[in-house]
Amino acid sequence: MDEQFTLAETAARSVLERTPLRPRIGLVLGSGLGGFADSLDDAARIPYAEIPAFPRSTAIGHAGQMVVGNAGAVPVAVMQGRVHLYEGYTAQEVAFPMRVFSRMGIRSVILTNAAGGINLSYSQGALVLIRDHINLQGQNPLTGANDDRFGMCFPDMTQAYARAYREMAREEANKLGTMLHEGIYAGLLGPSYETPAEIEYLRRIGADLVGMSTVCEVIAARHTGIKVLAISCVTNMAAGILDQPLSHAEVMETGERVKTTFEALLRAVLPRVAQDIGS
Ligand code: HPA
């Protein structure tokens with residue numbers, strides 16, 4: 001535990017040594033959504049392999065670098081790719097980047113992911129604000145002795161996804177004429193996609209979306225007091241909804257298709273979040 005703190009501190013320092021920028025907002029770009037990081041100005045691109053103790057992504061479609069740069073006037077630290085439990089990483093490893101963010105001085109994160117759509121009012125390519133999640137990953141990054149330097153034990157999760165940020169995102173989406181749904185994300189372990197029976201179960205327990213990421217990150221972020229906005233891109237309708245098999249290629253293609261809309265929304269939301277935290 002003690003070690004996690006020291007490792008996070010060392011990793012944070014090594015990132016900040018590579019840039020004069022001092023971002024207060026962190027982003028995580030999910031499968032097929034990494035393009036936003038290519039558009040930053042004054043960017044320092046730091047491969048995860050060059051950040052001490054930082055977990056490296058093995059999934060296809062994840063570049064695996066931290067890009068610190070300016071999105072317009074807003075300095076941001078962007079993770080182009082993330083690691084997942086299904087790659088064999090522990091929940092602590094999956095959540096480690098949030099702890100590094102916290103030691104870098106990041107106060108808010110915008111997490112993005114690819115997800116399967118369960119709610120029938122969604123369609124492929126839909127953007128969905130996550131209002132809440134259901135953790136079905138069977139794991140939690142906070143298990144073990146609590147390190148009070150990150151945060152207190154038993155963090156509250158009633159407003160895991162900040163209501164004020166959801167409001168801002170909806171307002172900006174309206175201005176852009178972008179349809180933005182809102183829903184509950186069920187986080188599963190993966191890496192197999194769900195069966196139609198599992199999707200039916202998830203629908204009955206109140207899930208609108210299903211994915212294999214985000215949950216551990218949100219828990220660790222909240223633990224350290226980082227505020228969270230999370231947006232899913234429905235890259236496919238979940239298993240059994242359409243009469244066709246799911247494929248990772250489809251997930252990547254949809255990410256590519258919504259890229260422009262998605263990036264425009266991120267750009268619009270960033271100054272609002274920056275204003276919230278006074279950066
Ligand atoms: N299920 C789980 N994770 C996903 C899906 C899905 O259908 N699509 C993208 N990520």
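Helices and strands here are DSSP runs, numbered from the N terminus, with at least four residues for a helix and at least two for a strand. The model is predicted. With that numbering, I205 falls in the loop between α4 and β8, and this loop is a convenient place to start.

I205 has a relative accessibility of 36% and therefore counts as partly exposed. Together with L136 and Y201, I205 makes up a nonpolar patch on the surface, and the accessible area of the three residues comes to about 250 Å².

A207 is in the loop between α4 and β8 as well. Its relative accessible area is 4%, so A207 is buried. Beyond the residues up to four places away in sequence, A207 touches I118, I134, I184, A186 and L202. S57 is 150 residues from A207 along the chain, and the C-alpha atoms of the two are separated by 27 Å.

The loop between α4 (196–204) and β8 (209–211) also holds D208. D208 is a buried residue without a salt bridge, and R131, the nearest side chain of opposite charge, is 4.8 Å away. A polar atom of the D208 side chain does lie 2.8 Å from the backbone nitrogen of I184. With neighbours within four places in sequence left aside, the contacts of D208 are G116, G117, I118, N119, Y122, E182, G183 and I184.

R131 does have a salt bridge of its own, with E182, at 3.9 Å from N to O. This pair connects distant parts of the chain, since R131 belongs to strand β6 (residues 127–135) and E182 to strand β7 (residues 180–187), 51 residues apart. R131 counts as partly exposed because its relative accessibility is 38%.

A second salt bridge joins E172 and R272, whose closest N and O atoms are 2.7 Å apart. Here too distant parts of the chain are linked: E172 is in helix α3 (residues 163–176) and R272 in helix α6 (residues 248–276), 100 residues apart. E172 has a relative accessible area of 7% and is therefore buried. Elsewhere, salt bridges with shared partners bring R131, R166, E167, R170 and E182 into one network.

The whole structure contains 15 salt bridges. One of them is formed by R18 and E50, with the closest N and O atoms 2.9 Å apart. R18 sits in the loop between α1 (2–16) and β1 (25–29), and E50 in the loop between β2 (41–47) and β3 (65–71), so this pair ties together parts that are 32 residues apart in sequence. R18 is partly exposed, because its relative accessibility is 39%. E50 is likewise partly exposed, with a relative accessible area of 43%.

Strand β1 contains I25. The relative accessible area of I25 is 0%, so I25 is buried. Apart from neighbours within four places in sequence, I25 is in contact with V74, P75, V76, A77, I106, S108, L270, V273, A274 and I277. The C-alpha atoms of I25 and I110 are separated by 7.7 Å, with these positions 85 residues apart along the chain.

The backbone is the last topic. Most residues other than glycine have a negative phi, and most peptide bonds are trans. T214 is one departure, with a positive phi near 70° in a residue other than glycine. T214 is placed in the loop between β8 and α5 (215–223). At 1% relative accessibility, T214 is counted as buried. Its contacts, neighbours within four places in sequence aside, are R82, L111, N113, Y161 and Y185.

F154, also not a glycine, has a positive phi near 55°. F154 lies in the loop between β6 and α3. Its relative accessible area of 77% makes F154 exposed, whereas T214 is buried.

The peptide bond between G190 and P191 is cis, with omega at about 0°. P191 is located in the loop between β7 and α4.

Methods. Residues are numbered from 1 along each chain as its sequence is written. This is a predicted model: local features need pLDDT of at least 70, side-chain atom pairs count only at pLDDT 80 or more; totals for chains, interfaces and linings use all residues. Side-chain values use heavy atoms; hydrogens and water are left out. Buried means under 20% relative accessible area, exposed over 50%, partly exposed in between (1.4 Å probe, protein chains only). Lys and Arg count as positive and Asp and Glu as negative; His and the chain ends are not counted. A salt bridge is a side-chain nitrogen of Lys or Arg within 4 Å of a carboxyl oxygen of Asp or Glu. A polar contact is a pair of N or O atoms within 3.5 Å; within protein, one must be able to donate a hydrogen and the other to accept it, and residues adjacent in sequence count only if both atoms are side-chain atoms. Contact means heavy atoms within 4.5 Å. Patches are made of residues with over 30% relative accessible area and no salt bridge: like charges are joined within 9 Å, nonpolar side chains (Val, Leu, Ile, Met, Phe, Trp, Tyr) within 5 Å. Accessible areas come from the Shrake-Rupley method with a 1.4 Å probe; for residues, only the protein chains shown count as cover.
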